[in-house]
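Reader: Please show me the structure, and let me ask how some of its descriptions are justified.

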Amino acid sequence: MLISNLIYIFQLRRLSKDSYKTKYFKELNSLRFIGFIGIFFGHVFFSNSSEIINSKIYATLFSYGKILGFISIDSFFVLSSFLITWKALEEIKFTNTFQFKNFLIRRSLRIWPLYFLIVFLGFSLEYFRSYYFLESEKLPSLWNFILFILNYDIIKNGYNFLFFMVFMWSISVEEQFYIFWAITIKWFNKYLFGISFLIIFISLFFRIYFIDDPLSLNFHTVSALGNFGIGALTAILAFKNTHFINKLQSLSRNTILFFYLIIFTFFILMPTLLENNFFIVTQRVLFSIFFSFIILEQSYCDNSLVKFSRIKYFNFFGKISYGLYCYHGVIITIVLQISGFLSESLLNSLVLYPIIIFFSTLMVSQLSFKFYESKFLNFKSKFSFISPN
């Protein structure tokens, strides 16, 4: 063990001397922010007024917002799988090894500090509500959060508990995948391509079997394996197939526009398509392919219609996207309490509340990133095989 660690350190120093720099996907930060916007629209419309809820504009925005929210979470799964697979392939290529422990430490430094802060807030709120005999919704066992298995509790018992704590289910799914994928990369990296295909097919068969179980379809980790598998395949293809990348770089604007029109058309038709069982089974994989195209198009194409990374502030908002995801539920929970003292109106539900929630979330997330999360993120470089450019 000591000898292998010394060899690893020597390899790192040699890489530094050779001035090798890992590929930095600056475009991914902007895509993270766009993904958050989709999730935001999936959660931000609410009202207790039947008149507002039954209005056509509210019903339409609420319906498409819910759809957009779920497929945007899938986009994070694809993006996450793409990036960790790419980084792992780089590490194996330039050091001939994959540091299992360091990978898990890096992921923990990114995820755990904010995750457990939100968990602490949730259980503290439940304690104070019960202490002062206020109405409270009993949370799932703390162990579901500590062990990152909240998604399975939701499948068994539903998600009728504190609103912002429900969001932690997707982090449970990601943590479960990180462990599985780290093991796969460490000991079975020669078979990554085949394993990626395998987990996609397993996901599809799972979704066929649980076609009448919406909670399993939405929250089970196996159901989401198709997202992770597509992301991993995209990384492998981009990393190892230079001919494919060269073809991608030269795509014309008309071809790119055509692909985006296809994606938009499928999204518009989603309410109708979701009435078909075949589409329900395949939609996560289908949209994962769409997301993979967007990742590659933004990262490599020379003729993009627009590079989202060039939009002012998108890059920074993408860097704090994890905070945006975690905190927007907290802000919504607060606004839900405040809205009970205000008059109901369509303007409030569709415009005022979303604006308040959005900018409040931005402010809290920025402060959290600067004064809390960054303190832990600064340690990540100590466990990286080399710093990115």
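Author: The questions below concern salt bridges, burial, a surface patch and a cavity. This is a predicted model, in which local features need pLDDT of at least 70 and side-chain atom pairs count only at pLDDT 80 or more, while totals for chains, interfaces and linings use all residues. Residues are numbered from 1 along each chain as its sequence is written, and side-chain values use heavy atoms, with hydrogens and water left out.

Reader: What makes the contact of aspartate 74 and arginine 284 a salt bridge?

Author: A salt bridge requires a side-chain nitrogen of Lys or Arg within 4 Å of a carboxyl oxygen of Asp or Glu. For aspartate 74 and arginine 284 the N to O distance is 2.7 Å, so the pair meets that definition. The two residues are 210 residues apart, aspartate 74 in helix α4 and arginine 284 in helix α16 (residues 277-300), where helices are DSSP runs of H or I with at least four residues, numbered from the N terminus.

Reader: Why is aspartate 74 called buried?

Author: Buried means under 20% relative accessible area, exposed over 50%, and partly exposed in between, with a 1.4 Å probe and protein chains only. Aspartate 74 has 4% relative accessibility and therefore counts as buried, and arginine 284, at 5%, is buried as well.

Reader: Which class does each partner take in the salt bridge of glutamate 90 with lysine 87?

Author: Their closest N and O atoms are 3.8 Å apart. Glutamate 90, at 2% relative accessibility, is buried, whereas lysine 87, at 24%, counts as partly exposed. Because they are 3 residues apart in helix α4, about one helical turn separates them.

Reader: What makes Ile179, Ile183, Trp187, Phe188 and Tyr191 a nonpolar surface patch?

Author: A patch takes residues with over 30% relative accessible area and no salt bridge, joining nonpolar side chains (Val, Leu, Ile, Met, Phe, Trp, Tyr) within 5 Å and like charges within 9 Å. Isoleucine 183, one of the five named, has 34% relative accessibility and so counts as partly exposed. The patch covers about 550 Å², with areas taken from the Shrake-Rupley method with a 1.4 Å probe.

Reader: How do you know that the lining of the largest cavity has 1 charged residue?

Author: Asp, Glu, Lys and Arg count as charged, Ala, Val, Leu, Ile, Met, Phe, Trp, Tyr, Cys and Pro as nonpolar, and the others, Gly among them, as polar. The lining consists of Phe46, Ser47, Asn48, Ser339, Leu342, Glu344, Ser349 and Tyr353, so Glu344 falls in the charged class. A cavity here is a set of points on a 1 Å grid over the protein atoms alone where a 1.4 Å probe fits but cannot get out, and lining residues have an atom within 4 Å of a point.

Methods. 1 Å grid on protein atoms, 1.4 Å probe; cavity = no way out; pocket = protein on both sides within 12 Å on 5 of 7 lines; lining within 4 Å.
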